[in-house]
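Open the model in your viewer and keep the selection box ready. We will go from stop to stop, and at each one you select something and look at what is there.

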Amino acid sequence: MNIALFILPNESLNKEIILWKQKASIIKSQQMYNNHPPHMTIINLNINSLSNVIQELTKLFSTIKKFKIEVNKSDVFYNDTATNGGHTLYFKSKPNDSLYSLQLKIAEKLVQYKIKSDSKYNFNKISLINNYNKYGFPFIGNVWIPHFTITSIQTHQKNIFIEKFLSYKINYSIDVNKTSLWEIAGDHHNKLEEFNLA
């Protein structure tokens, strides 16, 4: 079973993300990520026991205090290997210690339940390979860029829509007081559980 843990945006940022998804679909329909619910992925991996994962996460989150994140930049992953070379537009979160600590604690708890599977990524860094082999997800620790994805566009880098997106200024402060667990099957996302932070 493929699962992911998400941080969901607040209402204002959620509306902003949906607005940009709608704009992107006018430019070019049927793009990767465009129909995904707005979220920040903390970790995504294949597991062998959903009940054990839920039990572990329930215990873990009861010990983790609420914190804030700042979402303050429009950015692009150019030639994204996860989207076959598409350009993935996202709102970037300012990194902070609480966010990285949360991710590492989750990864350490879930490592015993991960199932090794073929990666959809073409790794070009040894740290990504090592993370994938250890945790089942390559973007752990300082190689992780916390973000809320908008869409991934198969076009040239100098596309006017991408340039307009990059020039767009945002600044959101989000209270992270819960996370959610989702089952992922291709483009289908099914919310399984919510966990409140302490």
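**Stop 1: helix α1**

Start by selecting Leu13, Glu16, Ile17, Trp20, Lys21 and Ala24, the buried residues of α1. They cover an arc of only 135 degrees around the axis, which puts them on the same side of α1. Keep in mind that this is a predicted model.

Why do such residues line up? An α-helix has 3.6 residues a turn, so residues three or four places apart point the same way.

Now colour Glu11, Lys15 and Ile26. These are exposed, on the other side of α1. Next, show what the buried residues pack against: β3 (67-80), β4 (86-93), β5, α5 (160-166) and β6 (172-176).

Check the length too. The 17 residues of α1 should span 24 Å at 1.5 Å a residue. The end C-alpha atoms of α1 are 25 Å apart, which agrees.

**Stop 2: around tryptophan 20**

Stay on α1 and select Trp20, one of its buried residues. Add Phe91, Phe161, Phe165 and Tyr168. Together with Trp20 they form one aromatic cluster. Then show lysine 23. Its charged end sits over the ring of tryptophan 20, 4.2 Å from the ring centre.

**Stop 3: the loop after α1**

Move to the loop between α1 (11-27) and β2 (40-46), and select histidine 36 there. Is histidine 36 buried or exposed? It is buried, with a relative accessible area of 10%. Leave out residues up to four places away in sequence, and histidine 36 touches Lys21, Asp187 and His189. You have met Lys21 already, among the buried residues of α1.

Tyrosine 33 lies in the loop between α1 and β2 as well. At 16% relative accessibility, tyrosine 33 counts as buried, because the cut-off for buried is under 20%. Look at its backbone. Phi is near 75 degrees, a positive value in a residue other than glycine.

**Stop 4: asparagine 84**

Jump to the loop between β3 and β4, where asparagine 84 lies. Asparagine 84 is not a glycine, yet it has a positive phi of about 55 degrees. Its relative accessible area is 69%, so asparagine 84 is exposed.

**Stop 5: helix α2**

Select residues 50-61, which make up helix α2. How far apart are its end C-alpha atoms? They are 16 Å apart, and 12 residues at 1.5 Å a residue should span 16 Å, which agrees.

Colour the buried residues of α2: Val53, Ile54, Glu56, Leu57, Leu60 and Phe61. They cover an arc of only 165 degrees around the axis, which puts them on the same side of α2. Turn to the face away from that buried side. Exposed Ser51 and Lys59 are there. The buried residues of α2 pack against β1 (2-7), α3 (97-110), β7 (178-185) and β8 (188-196).

**Stop 6: leucine 57 and the core**

Zoom in on leucine 57, in helix α2. It is buried, with a relative accessible area of 0%. Which residues does leucine 57 touch, not counting those up to four places away in sequence? Select Leu5, Ile106, Leu110, Leu181 and Phe195.

Now widen the view. The largest nonpolar core has 47 residues. Those with the most contacts inside this core are Leu5, Leu57, Phe91 and Ile106. Phe91 also belongs to the aromatic cluster at Stop 2.

**Stop 7: leucine 99**

Go to helix α3 and select leucine 99. Leucine 99 is buried, with a relative accessible area of 0%. Add phenylalanine 67. The two are 32 residues apart in sequence, but 8.2 Å apart in space, C-alpha to C-alpha. Beyond its neighbours within four places in sequence, leucine 99 is in contact with Ile7, Met40, Phe67, Ile69, Ser93, Trp144 and Pro146.

**Stop 8: an aromatic pair**

Trp144, in contact with leucine 99, leads to the last stop. The structure holds 9 aromatic pairs. For one of them, select tyrosine 100 and tryptophan 144. Their ring centres are 5.6 Å apart and their planes are at 90 degrees, so the pair is edge-to-face. Tyrosine 100 lies in helix α3, and tryptophan 144 in the loop between α4 (126-135) and β5 (147-153), so the pair ties together parts that are 44 residues apart in sequence. Tryptophan 144 is buried, with a relative accessible area of 4%.

Note on methods: Residues are numbered from 1 along each chain as its sequence is written. This is a predicted model: local features need pLDDT of at least 70, side-chain atom pairs count only at pLDDT 80 or more; totals for chains, interfaces and linings use all residues. Side-chain values use heavy atoms; hydrogens and water are left out. Helices (H or I, at least four residues) and strands (E, at least two) are DSSP runs, numbered from the N terminus. The expected span of a helix is 1.5 Å times one less than its number of residues. Buried means under 20% relative accessible area, exposed over 50%, partly exposed in between (1.4 Å probe, protein chains only). The arc is that of the directions from the helix axis to the C-beta atoms. Contact means heavy atoms within 4.5 Å. A nonpolar core is a set of buried Ala, Val, Leu, Ile, Met, Phe, Trp, Tyr and Cys residues joined through side-chain atoms within 4.5 Å. Rings of Phe, Tyr and Trp (its six-membered ring) pair if their centres lie within 6.5 Å; planes under 30 degrees apart count as stacked, over 60 as edge-to-face and the rest as tilted. A charge sits over a ring if NZ of Lys or CZ of Arg is within 6 Å of the ring centre and within 35 degrees of the ring normal.
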